[in-house]
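New to this one? Take a look at the sequence and the model first, and then we'll walk through a few spots together.

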Amino acid sequence: MLYHNRSGLHPGARSTVSRHFRAHGPALIAALACFFLGPAVAHCAEVTLTGEATQGGLLIGRTAVGNTVEWQGRNLRVSPDGVFLVGFGRDAKPRSSIVVVDKEGAGQTITVDVARRDYRIQHIEGLPQEKVTPPPAVSERIRSEGARVAAARSRDDPRTDFANGFIWPLEGRITGVYGSQRVLNGEPRRPHFGVDVAAPVGTPVMAPADAVISFADPDLYFSGGTLIMDHGHGLSSTFIHLSRILVEEGQEVRQGEPVAEVGMTGRATGPHLDWRMNLFDVRLDPQLLAPPTAADSD
Ligand SMILES: [Zn+2]
């Protein structure tokens, strides 16, 4: 299913200094980024972007060794072999520019069209107010837990574990999806950023890719047993509502290795794994990175 569509490959177009890509659904986007060094000299560095250019999607970029990449006003980490990551949040703007600069300082702008998604919005009226807003007594706890989670997600590790792809951490029915939102008593709540997979308490959950454990806490107020795995370059997976955590902060884990067990800790209504993915503070949709499920091919 992934990467079936090759688009935007124009190897002969050496005179173009700016490129524009459109990709709806999974795509491999490729280009020659050409840097003009003099009247007749064009140095063309190939840039490829693999993944889904859509809200919640992640692109894995590859460029020539030694090039730098700017995106949204900052320099992205580029691995020694030229790999970098770009990710789009739930409400990402329809157009995004990536600037690739070669060793001589010549820049090339690559414009990516980011496909818009429609999210499920659910209105619920008549809920008792205390179910909607946490009591003031726990606000300091919530704030400090949020800061610790944000710190774990701000790590910029040189590892490139993401390059080998992702697997589902467990099998089960998908009961919640990325981007959906509830409006309780007329008040929009934070959107749901994970994918929920229903399974009995105690079901083992596996690392979706190689990682280093960057956060492990058995009892956060909202998310209960919480585990964060750092896959490199700011890309992390978070598992929440866990009943048990089997690994420790700083430990390296391999794809498929059991790291925790399903639970319903924190503010959960039933046993399930909630799997979230972040590129730093940008929320990504794990379902776009995991292999297609049976439901996807209906
Ligand atoms: Zn959830």
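What follows is a short tour of confidence, one small sheet and one valine.

Keep in mind that this is a predicted model. The mean pLDDT of the protein chain is 85, and 81% of its residues reach 70 or more. Over residues 1-20, though, the pLDDT is below 50. Residues 34-44 also stay under 50. Here is how those two stretches look:

| Stretch | pLDDT | Contacts in the model beyond near neighbours in sequence |
|---|---|---|
| Residues 1-20 | below 50 | 31 contacts |
| Residues 34-44 | under 50 | 21 contacts |

Where pLDDT is low, the predicted coordinates shouldn't be read in detail.

Now for the sheet. It is an open one, built from 3 strands in the order 16-22-20, with antiparallel pairing. Strand 16 (204-206) and strand 20 (244-245) sit at the edges with a single partner strand each, so one side of each has no neighbour in the sheet. Strand 16 pairs with strand 22 (residues 258-261) through 3 bridges, in the antiparallel sense. At M206, the bridge partner in strand 22 is P258.

Last stop: V86, which belongs to strand 8 (residues 83-87). Is V86 buried or exposed? V86 has 23 other C-beta atoms within 10 Å, and the cut-off for buried is 20 or more, so V86 counts as buried. Leaving aside residues up to four places away in sequence, V86 touches L59, G61, W71 and I98. L49 lies 37 residues from V86 along the chain, and their C-alpha atoms are separated by 9.0 Å.

Conventions:
Residues are numbered from 1 along each chain as its sequence is written. This is a predicted model: local features need pLDDT of at least 70, side-chain atom pairs count only at pLDDT 80 or more; totals for chains, interfaces and linings use all residues. Two strands pair if DSSP finds at least two bridges between them. Helices (H or I, at least four residues) and strands (E, at least two) are DSSP runs, numbered from the N terminus. A residue is buried if 20 or more other C-beta atoms lie within 10 Å of its own, exposed if 12 or fewer, and partly exposed in between; C-beta atoms are placed from the backbone. Two residues are in contact if their C-beta atoms, placed from the backbone, lie within 7 Å. pLDDT is the predictor's confidence in each residue, from 0 to 100.
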